[in-house]
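Work through the exercises below with the structure in view. Try each task before reading its solution.

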Amino acid sequence: MNPFESNVSRNMQGSFNSPDTHKYSVILPTYNERKNLPVIIWLLAKTFNENNLSWEVIVVDDNSPDGTQEVALQLAKVYGEDKIILKPRAGKLGLGTAYIHGLSFVNGDFVIIMDADFSHHPKFIPQFIRLQKAHNLDIVTGTRYRATSKPASSDARPGGVHGWDFKRKLVSRGANFLADTVLNPGVSDLTGSFRLYRLPVLRHIITETVSKGYVFQMEMMVRARALGYTVGEVPITFVDRIFGDSKLGANEIVSYAKGIWVLFTTV
Amino acid sequence: MARAHRVALTAFIITVAYFLTLFDFLSVPLLDAAYAEQLLPVLPWWFLVSFGSYCLWSIGLGLVTLRECPEAYDELVGEIAEAKNELRTRGVTVD
């Protein structure tokens, strides 16, 4: 039997006229990211071009008042309108629906979701892709808490965080431990949101996902496991917001705990 | 069946087995009855304390092993400056 005619082999191959037959679409939800957007696009373009990957970025802007959209259009002129695709929405409608909105404009066969505030560095994307290819994974997720990738690979470097005080670390560790114990998702970093998905897999999971906010990213992983998709992990370094601040108060913690309970009783 | 149902079912079976053993309807294999009589009443507390200890150790170990990465920050700051300079020359508004 010719091994290249097997279904596994066929599924691993993309149908794009690019060096690795795949195209990678980044969905970037933005709100008031005028300062960050040009730099994150520059970093993405640099990473993809250096690694000879075919790419596009879909900017889903929630009608930012600070002029994010004008900057996105300038970037589209610089990098090409097939590379930077601006698909704005009428107002702040939440993260989950931003991905659904962005998904309807995706041209590639893999989707990368990440934050636009530099806490996720594009330099890890080639590692995500290598791990995906080596093991034919459906999802590869970044983890701040591991020193090695899972399944093991030689190019993984230890992950970590920068700019977190003790309280932030404790809350993050406690939140992940709670979710890990209650839901047993098999993934070390549930609240992170730097992930590579096979397009049909993301489409499938996102239609089943109901929660919002912090719980949304966790639910995606828990559902992926329940649906039987394979998930790999790559350690990433996480530099907390350089411009602007991230919010983590008592309300977030309570809604997170509620979210875990809902997932525990439904998935 | 959601995870909650599976966990509840397992917990129910273990609880029933425990009480049947505690009230002498079942016997503990490979253990002298006199010892079993002393062990069984404290077994739930032993589990509780062990679980609490496991939780504290897990979170504590997680905190200790959570790495700081100042080198990633330094690299990023350099790249941001580089990106801004290049983008300015290509006509993108950067501040």
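**Exercise 1.** Is the crossing of α6(A) and α3(B) left-handed or right-handed? Work out also how the two helices are oriented.

*Solution.* The model is a predicted one.
- Step 1. Find helix α6 of chain A, residues 166-183, and helix α3 of chain B, residues 43-65; their axes come within 9 Å and cross at roughly 130 degrees.
- Step 2. Classify the angle. Angles over 145 degrees count as roughly antiparallel and 65 to 115 as roughly perpendicular, and the rest outside the parallel range as oblique. α6(A) and α3(B) are therefore oblique to each other.
- Step 3. Give the hand: the crossing of α6(A) and α3(B) is right-handed.
- Step 4. List the residues in contact. α6(A) brings F166(A), K169(A), L170(A), R173(A), G174(A), F177(A) and T181(A). From α3(B) come F51(B), Y54(B), C55(B), S58(B), I59(B), G62(B), L63(B) and T65(B).

**Exercise 2.** Which residues make the contact between α4(A) and α7(A)? Describe the crossing first.

*Solution.*
- Step 1. Helix α4 of chain A spans residues 95-103, and helix α7 of chain A spans 199-208. Their axes come within 11 Å and cross at roughly 140 degrees.
- Step 2. This angle makes α4(A) oblique to α7(A).
- Step 3. The crossing is left-handed.
- Step 4. α4(A) contributes G96(A), Y99(A), I100(A) and L103(A) to the contact. α7(A) contributes L199(A), L202(A), R203(A) and I206(A).

**Exercise 3.** Which residues of α5(A) are buried? Find what covers them.

*Solution.*
- Step 1. In helix α5 of chain A (residues 125-135), the buried residues are I125(A), P126(A), Q127(A), F128(A), I129(A), L131(A) and Q132(A).
- Step 2. Their cover includes strands and a helix of chain A, among them β1 (23-30), α2 (36-50) and β4 (110-113). It also includes β5 (139-143), β7 (195-198) and β8 (231-235).
- Step 3. Look just past the helix. N136(A) follows α5(A) and has a positive phi, near 50 degrees.

**Exercise 4.** Does S25(A) count as buried or exposed?

*Solution.*
- Step 1. Place S25(A) in strand β1 of chain A.
- Step 2. Its relative accessibility is 0%, so S25(A) counts as buried.
- Step 3. Leaving aside neighbours within four places in sequence, S25(A) is in contact with E56(A), V106(A), N107(A), G108(A), F110(A), V111(A) and I112(A).

**Exercise 5.** How many disulfides does the structure hold over all chains? Check two cysteines of chain B as well.

*Solution.*
- Step 1. The count is zero over all chains.
- Step 2. C55(B) has 16% relative accessibility, so C55(B) counts as buried.
- Step 3. C69(B), at 0%, also counts as buried.

Terms used: Residues are numbered from 1 along each chain as its sequence is written. Chains are lettered from A and ligands numbered from 1 in the order in which they are written. This is a predicted model: local features need pLDDT of at least 70, side-chain atom pairs count only at pLDDT 80 or more; totals for chains, interfaces and linings use all residues. Side-chain values use heavy atoms; hydrogens and water are left out. Buried means under 20% relative accessible area, exposed over 50%, partly exposed in between (1.4 Å probe, protein chains only). Helices (H or I, at least four residues) and strands (E, at least two) are DSSP runs, numbered from the N terminus. Contact means heavy atoms within 4.5 Å. A disulfide is a pair of cysteine sulfur atoms within 2.5 Å. Angles under 35 degrees count as roughly parallel, over 145 as roughly antiparallel, 65 to 115 as roughly perpendicular and the rest as oblique. A crossing is left-handed if the near helix is turned anticlockwise from the far one by less than a right angle, and right-handed if clockwise. Axes are lines fitted to C-alpha atoms, for helices over the stretch in contact, and angles run from 0 to 180 degrees between N-to-C directions.
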